[in-house]
Amino acid sequence: MAELCERHDVRVISDEIHMDMVWGERRHTPWSQVATTPWALLTSGSKTFNIPALTGAYGFISDDAARDAYTQLLKSRDGLSSPAVLAVVAHIAAYRHGEPWLDALRDYLQDNLTYVAERLNQAFPALGWQPPQATYLAWIDLRPLGVDDSQLQQVLIDREKVAIMPGFTYGEEGRGFLRLNVGCPRSKVEAGLDKLISGLRFVLGEV
């Protein structure tokens with residue numbers, strides 16, 4: 001990707017807010033390590049440590065002129081000259097002292113994803129769904145089942161009383177997919193899967 005960007009003189013803004021959510025022995029590679037053209041890397045501890053209400057985020061911009069222009073724009077247009085003090089303190093504390101908690105969180109979320117795979121593949125072997133290598137967002141490819149996206153959404157909302165984000169929300173390429181967030185207690189994952197499986201069986205005419 002870096003070679004393509006260099007070949008076509010593309011500047012990259014890399015959103016790496018899920019950088020800490022990598023499973024197993026894999027490690028996240030920041031764009032800054034591979035970039036050969038000007039770049040910006042934006043991220044936050046808000047996803048990792050569940051502190052979005054503190055509004056904290058941070059970024060790195062490789063080009064001096066672009067960085068100066070960006071900070072000036074923040075000040076002149078948005079009136080932002082400094083981050084919230086509480087957000088700064090929270091990020092420092094989280095990164096300094098949060099490693100044991102984060103390790104436990106990773107294990108818990110990875111177990112959630114494994115549970116999703118076991119339940120879905122047991123109910124619908126044709127899916128053959130595998131947990132992702134990173135993030136707690138389960139992108140579930142339902143195309144092997146041949147279900148209609150709109151019909152499934154109507155059944156999930158009206159009959160099962162659950163909302164699971166359809167893939168087409170993110171573009172036409174997402175049709176046939178669901179985005180299931182497992183960054184929550186196992187009990188919620190279990191309840192959500194119960195309703196998803198029930199809704200799929202209804203659409204498929206199995207109930």
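Arginine 201 lies over the face of phenylalanine 124, at 5.8 Å from the ring centre. A charge is taken to sit over a ring if NZ of Lys or CZ of Arg is within 6 Å of the ring centre and within 35 degrees of the ring normal. The charged end of arginine 175 also sits over a ring, that of phenylalanine 168, 4.7 Å from its centre. The model is a predicted one, with local features needing pLDDT of at least 70 and side-chain atom pairs counted only at pLDDT 80 or more, while totals for chains, interfaces and linings use all residues. Residues are numbered from 1 along each chain as its sequence is written, and side-chain values use heavy atoms, with hydrogens and water left out.

Turning to ring against ring, a search of the whole structure turns up five aromatic pairs (rings of Phe, Tyr and Trp, the last by its six-membered ring, with centres within 6.5 Å; stacked if the planes are under 30 degrees apart, edge-to-face if over 60, tilted for the rest). Tyrosine 58 and tyrosine 95 meet edge-to-face, 6.4 Å centre to centre with 85° between the planes. This pair links distant parts of the chain, 37 residues apart: tyrosine 58 belongs to strand β3 (residues 58–61) and tyrosine 95 to helix α4 (residues 85–97); helices (H or I, at least four residues) and strands (E, at least two) are DSSP runs, numbered from the N terminus. Ring pairs join both tyrosines with Phe49, Phe60 and Trp101 in a cluster.

Tryptophan 139 and tyrosine 170 are edge-to-face as well, at 5.4 Å centre to centre and 70° between the planes.
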